[in-house]
Amino acid sequence: MATYRVGQKTHPPVLPQQLALEFESADTPRIGDETGLEGRKAPGAVHVRGETADASPGIGGVTPNREVGEKAREGHPVAFVLDKHGHPLQPTTPARARKLLRQGRAVVARHTPFVIRLKDRTVSASQVDGVELGIDPGSKHTGIAVFTSRDGERRGLFTVELAHRGSLIRDKLTARSAYRRRRRTNNLRYRAPRFFNRVRPKGWLAPSLRHRVDTTMSWATRLARWAPVRVVHVERVAFDTQAMSHGGPLEGAEYHHGTLHGTEVREYLLAKWDRTCAYCGTTGVPLNIDHIHPKSRGGSDRVSNLCTACIPCNEKKSNQPVEDFLKQSPRRLARILAQAKAPLRDAAAVNATRWALWRALDAAFATVRTASGGRTKWNRQRTGLPKTHTFDALCVGHLDTVTRTPAHVLAVTATGRGTYTRTRPDKYGFPRQRLPRSKTFFGYQTGDFARAVVPTGKKTGTHTGRISVRANGSFNIKTAQGLIQSIGHKHCRLLQRADGYAYISRPEGPAATQLKQGVSTKEVR
């Protein structure tokens with residue numbers, strides 16, 4: 001596959017700014033849709049890769065047919081539809097799905113995400129135009145969006161925010177290593193080291209990194225089973241850790257090096273400092289790059305000595321040492337110094353997994369298009385969408401406008417499928433609690449998705465969420481509003497078996513703003 005670099009330009013030191021574009025594309029006829037979600041029909045997905053026109057701001061190639069910043073219309077997430085043989089059909093609206101269920105023409109195939117199966121329809125007798133998938137990979141969260149596309153206009157149908165458990169896996173492996181090391185040093189009984197099976201193949205990833213690739217691929221293939229996915233768009237990282245750690249100057253001729261010394265550093269600093277001023281915490285204003293230890297006093301241009309600062313703070317600090325500038329705020333000074341020395345762990349995790357994820361997607365789907373984080377950011381800014389993982393996934397790749405966004409996002413957390421251990425150790429490593437060998441009690445197991453209807457008592461009401469079982473029949477239910485403890489198993493009704501994930505539906509975009517102002521949220525159906 002060929003890589004095309006377009007739109008290289010010099011950037012001023014003010015953030016945020018338009019980013020240069022670097023992407024790979026695969027052109028194929030766009031797919032339509034049969035439920036009124038506009039599309040253009042195509043005989044099939046063609047695995048052809050080619051060059052895409054430059055879409056950099058001010059350089060032509062994309063002519064938006066809507067005003068910049070115009071808000072997209074919000075709508076409810078769609079319901080996925082299967083034919084009577086389990087093959088995916090075009091997604092439909094929740095109202096149409098309810099109508100089909102009332103008429104007896106469909107049955108519920110899955111609760112979350114909501115999938116129905118038609119009794120009287122097959123793929124050969126239906127018009128299936130297909131959908132597209134956008135993926136915004138991240139270190140802690142990955143955004144996935146299902147949408148239709150026609151002439152550069154995208155209509156968001158369904159969004160998923162996947163929370164990884166890579167940090168938990170890393171901590172578990174570190175603890176296991178410490179246990180084994182202690183047993184060896186104390187000359188206790190331990191498994192002998194194995195030296196002949198430690199060769200790591202090329203492309204090997206640590207378990208915490210492999211988990212990110214596997215869970216993202218798992219959800220991409222799941223959505224492909226529930227919806228006719230024709231094209232997959234995946235984002236590549238917006239910053240290069242090697243270029244950021246190089247420590248070259250950020251001014252003069254170095255700006256002409258393209259993204260390595262300008263855009264990459266700026267995008268990373270925006271993410272590292274949460275798009276706020278490091279000194280006063282102001283958001284939503286232009287941000288400058290500031291040297292924590294002034295360059296005129298011997299400070300370097302390394303990324304660990306850089307932060308984002310609003311213009312008033314940048315001018316007020318001038319060339320003062322940060323210790324003098326914040327001598328009245330010792331807590332803020334300590335926080336800034338600690339955050340500045342934080343490692344590039346998240347950026348390294350994304351960069352280490354991007355190629356493995358791309359290869360896995362390319363092997364599983366006929367057409368995969370890749371784009372840069374700079375293009376995604378530019379698309380999101382000119383369409384007026386807020387910064388979230390799911391909206392980034394909706395804006396990945398080539399597009400003109402976004403005409404529809406789902407009002408709710410399905411927050412999915414990787415929880416695992418339990419543990420093999422039969423004991424719980426104390427701080428000295430000795431077993432203090434023995435766990436039951438059976439994971440199922442009264443027909444339920446931890447991780448099942450259930451609804452509890454409690455008629456009387458302090459916990460009166462309907463509670464829907466992931467349950468934690470106990471041998472005495474008193475379960476805990478984790479809902480969108482919090483943890484509800486000690487619910488009798490007789491009040492529970494199973495909705496979906498445990499599949500290693502926890503689900504919560506929460507508002508996204510303007511709906512989330514209304515929630516902060518006191519408007520109630522919707523639970524998962």
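Modeller: In this predicted model, a residue counts as buried under 20% relative accessible area, as exposed over 50%, and as partly exposed in between.

Biologist: Which is Lys387, buried or partly exposed?

Modeller: Lys387 forms a salt bridge with Asp392, with the closest N and O atoms 2.5 Å apart. Asp392 has a relative accessible area of 3%, so Asp392 is buried. For Lys387 the value is 44%, which lies between the two cut-offs, so Lys387 is partly exposed.

Biologist: How many residues apart are Arg222 and Asp499?

Modeller: The side chains of Arg222 and Asp499 meet in a salt bridge, at 3.1 Å from N to O. Arg222 lies in helix H3, while Asp499 sits in the loop between strands S25 and S26. The pair links distant parts of the chain, and the separation in residues is 277.

Biologist: Which residues of helix H8 are buried?

Modeller: Helix H8 spans residues 330–340. The face turned away from the buried side carries the exposed residues Pro330, Arg331 and Ala338. The buried ones are Leu333, Ile336 and Ala340.

Biologist: Why do Leu333, Ile336 and Ala340 lie on the same side of H8?

Modeller: An α-helix has 3.6 residues a turn, so residues three or four places apart point the same way. Leu333, Ile336 and Ala340 are on the same side of H8 because they cover an arc around the axis of only 65°.

Biologist: How far apart in space are Gly75 and Pro406, C-alpha to C-alpha?

Modeller: Gly75 is in strand S4 and is buried, with a relative accessible area of 12%. In sequence, Gly75 and Pro406 are 331 residues apart. In space, their C-alpha atoms are separated by 5.0 Å.

Notes
Residues are numbered from 1 along each chain as its sequence is written. This is a predicted model: local features need pLDDT of at least 70, side-chain atom pairs count only at pLDDT 80 or more; totals for chains, interfaces and linings use all residues. Side-chain values use heavy atoms; hydrogens and water are left out. Buried means under 20% relative accessible area, exposed over 50%, partly exposed in between (1.4 Å probe, protein chains only). Helices (H or I, at least four residues) and strands (E, at least two) are DSSP runs, numbered from the N terminus. The arc is that of the directions from the helix axis to the C-beta atoms. A salt bridge is a side-chain nitrogen of Lys or Arg within 4 Å of a carboxyl oxygen of Asp or Glu.
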